[in-house]
Amino acid sequence: MSRFLNSALRALTPYTPGEQPRDAKKLIKLNTNESPFAPSPAVFAALNANETEKLRLYSDPQCTDFLAALAQTYGVSKACVFAGNGSDEVLAFAFRAFCENGAAFADITYGFYPVFARLFGIAYQEIPLRDDFTIEVADYASVRGTIFLANPNAPTGLCLPLAQIEALLQQNRDRLIVVDEAYVDFGGESAVMLLPRYDNLLVVGTFSKSRSLAGARLGYAIGGDALIADLNTVKFSFNPYNINCLTLLAGTAALADAAYFTQCCDAIVQTRAETSRALAALGFTLTDSRANFLFAAPCAPLGGQAYYQALRERGILVRWFDLPRIRDYVRITIGTDAQMQTLLAVTQEIIKGGIPV
Ligand SMILES: *Cc1c(COP(=O)(O)O)cnc(C)c1O
């Protein structure tokens with residue numbers, strides 16, 4: 001740390017991203033919830049030499065074509081959509097813009113929320129999930145700050161039904177709820193349909209998971225035009241060209257190929273069901289995940305950390321969180337069928353070997 005660092009940032013602990021190994025080809029990488037499938041062929045066609053030449057020009061600060069396609073896909077007006085450099089940037093802007101009364105989120109959820117809150121000096125409350133990792137709406141009744149809700153939640157994969165999101169919205173119409181739908185395309189219900197009735201709702205999404213574009217960095221928000229105008233105020237005060245031109249083209253092309261998108265999501269959902277059944281048969285405890293990952297605890301005496309390490313030694317990367325309440329679990333991204341077959345075979349081997357705890 002230099003002596004020049006702002007004293008307000010000295011105690012900051014940055015977010016720890018999942019490992020991105022340099023020699024990923026040798027590993028089965030199931031640790032950061034990327035898609036195992038390539039982007040749509042339409043994306044490859046869009047990123048051609050002619051477009052690469054245009055990198056000398058600034059990208060479109062209004063993201064006109066991409067946002068028109070996004071608005072059409074979600075059936076909302078163009079004034080109701082916003083694009084960010086990954087949904088992490090959209091979330092950062094929402095923390096900066098909308099948390100004058102503080103923020104609140106579950107004790108077990110996306111690890112970036114407390115990091116953004118601390119970066120921007122926002123007071124926050126962590127509301128404990130119930131023992132079964134579900135959210136109890138009544139626990140939020142007295143919360144005044146903006147609520148950040150990953151739905152499906154990470155790393156549990158659990159969905160909060162729309163009726164309960166609506167109950168949260170109704171608890172206090174002057175309190176904003178940001179629903180982070182990074183995983184909604186794998187079997188969740190989108191809160192976008194609630195937007196016409198609630199102006200205290202902002203829905204955030206990403207192209208990183210279900211649209212196979214994690215490396216392109218593309219996220220979005222859908223909400224009332226006033227909320228979207230506020231996000232634009234923050235963006236144009238920070239980085240008007242926040243999305244590069246190739247990413248904008250990739251996003252537009254991905255949206256145009258709805259058939260490919262559906263096919264990839266369906267494949268993940270099917271592989272998730274098969275892997276979940278197989279792990280349960282091996283004695284694992286699993287949540288009812290609606291995301292592109294499983295949240296699974298091996299059967300004692302094999303602990304979460306020991307299982308994670310044993311997989312790692314055998315070339316399979318999953319995510320283990322050294323956190324109170326979830327140490328017994330690992331989060332396993334759904335890969336291809338072949339990758340999951342290998343995971344299951346290796347897991348059987350680990351269980352038979354009686355890995356020391
Ligand atoms: C992956 C993830 C994001 C971030 O996605 P990017 O668009 O890649 O920045 C946001 N929220 C949750 C809950 C996620 O799991």
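In which loop is P301 found? In this predicted model, select P301 and look at the loop between β10 (293–297) and α10 (304–313), which is where P301 is found. While P301 is still highlighted, add A300 to the selection and display the backbone, since the two residues are joined by a cis peptide bond, whose omega is about 10°.

**Backbone stops**

Next, move to P155, whose place is in the loop between β5 (146–150) and α6 (162–171). With A154 and P155 both shown as sticks, the peptide bond from A154 to P155 can be inspected and is cis, with omega near 5°. Most peptide bonds are trans, which is the background against which these two stops may be read.

From there, select N33, which lies in the loop between β1 (28–29) and α1 (41–46). N33 is not a glycine, and yet its phi is positive, at about 60°. Is N33 buried or exposed? With a relative accessible area of 1%, N33 is buried, so a surface representation should be made transparent or hidden before N33 is examined.

**The ligand and its shell**

Now centre the view on the ligand and select the residues around it, which are G86, S87, D88, Y110, D180, A182, Y183, T206, S208, K209 and R217. Colouring this shell by class gives three nonpolar, four polar and four charged residues.

Within the shell, begin with D180, where an N or O atom of the side chain is 2.6 Å from a nitrogen atom of the ligand. Then turn to the oxygen atoms of the ligand: a polar side-chain atom of S208 lies 2.6 Å from an oxygen atom of the ligand, and for K209 a polar side-chain atom lies 3.0 Å from an oxygen atom of the ligand. As for the ligand as a whole, the protein covers 92% of the 380 Å² of accessible area that the ligand has on its own.

Keep S208 selected, and trace the backbone on either side of it, because the place of S208 is in the loop between β7 and β8, and S208 counts as buried at 9% relative accessibility. Extend the selection to R217, which lies in the loop between β7 (201–206) and β8 (219–223), and draw the distance between the two side chains, where S208 makes a polar contact with R217 at 3.5 Å. R217, although not a glycine, has a positive phi of about 65°, and with a relative accessible area of 28% R217 is partly exposed.

The next member of the shell to select is G86, placed in the loop between β2 (81–84) and α4 (87–98). At 0% relative accessibility, G86 counts as buried. To set the scale for the next part of the tour, draw a line from the C-alpha atom of G86 to that of C264: these atoms are separated by 20 Å, and the residues are 178 apart along the chain.

**The cavities**

How many cavities of 30 Å³ or more does the structure hold? There are two such cavities, and C264 is a useful handle for finding them, being one of the lining residues of the largest cavity and also one of those that line the second largest.

For the largest cavity, with a volume of about 70 Å³, select A38, P39, S40, V43, S210, R211, S212, A254, D257, Y260, F261 and C264. Helix α9 (residues 258–281) supplies the largest share of this lining, namely three residues. By class, the lining divides into seven nonpolar, three polar and two charged residues.

For the second largest cavity, with a volume of about 50 Å³, select S35, P36, F37, F186, K209, S210, S212, C264, C265, I268 and N292. This lining divides into six nonpolar, four polar and one charged. K209, already visited in the shell around the ligand, is among the residues that line this second cavity.

**Last stop**

Finish at D337, which is found in helix α11 (residues 337–353). With a relative accessible area of 43%, D337 is partly exposed. A closing distance to draw is the one between the C-alpha atoms of D337 and T285, which are separated by 21 Å, the two residues being 52 apart along the chain.

How values were computed:
Residues are numbered from 1 along each chain as its sequence is written. This is a predicted model: local features need pLDDT of at least 70, side-chain atom pairs count only at pLDDT 80 or more; totals for chains, interfaces and linings use all residues. Side-chain values use heavy atoms; hydrogens and water are left out. A residue is near a molecule or strand if one of its heavy atoms lies within 4 Å of it. A polar contact is a pair of N or O atoms within 3.5 Å; within protein, one must be able to donate a hydrogen and the other to accept it, and residues adjacent in sequence count only if both atoms are side-chain atoms. Accessible areas come from the Shrake-Rupley method with a 1.4 Å probe; for residues, only the protein chains shown count as cover. Ala, Val, Leu, Ile, Met, Phe, Trp, Tyr, Cys and Pro count as nonpolar, Asp, Glu, Lys and Arg as charged, and the others, Gly among them, as polar. On a 1 Å grid over the protein atoms alone, a cavity is a set of points where a 1.4 Å probe fits but cannot get out, and a pocket is an open set with protein on both sides within 12 Å along at least five of seven lines; lining residues have an atom within 4 Å of a point. Grid points are joined across faces, edges and corners, and a volume is the space filled by probe spheres set on the points. Helices (H or I, at least four residues) and strands (E, at least two) are DSSP runs, numbered from the N terminus. Buried means under 20% relative accessible area, exposed over 50%, partly exposed in between (1.4 Å probe, protein chains only).
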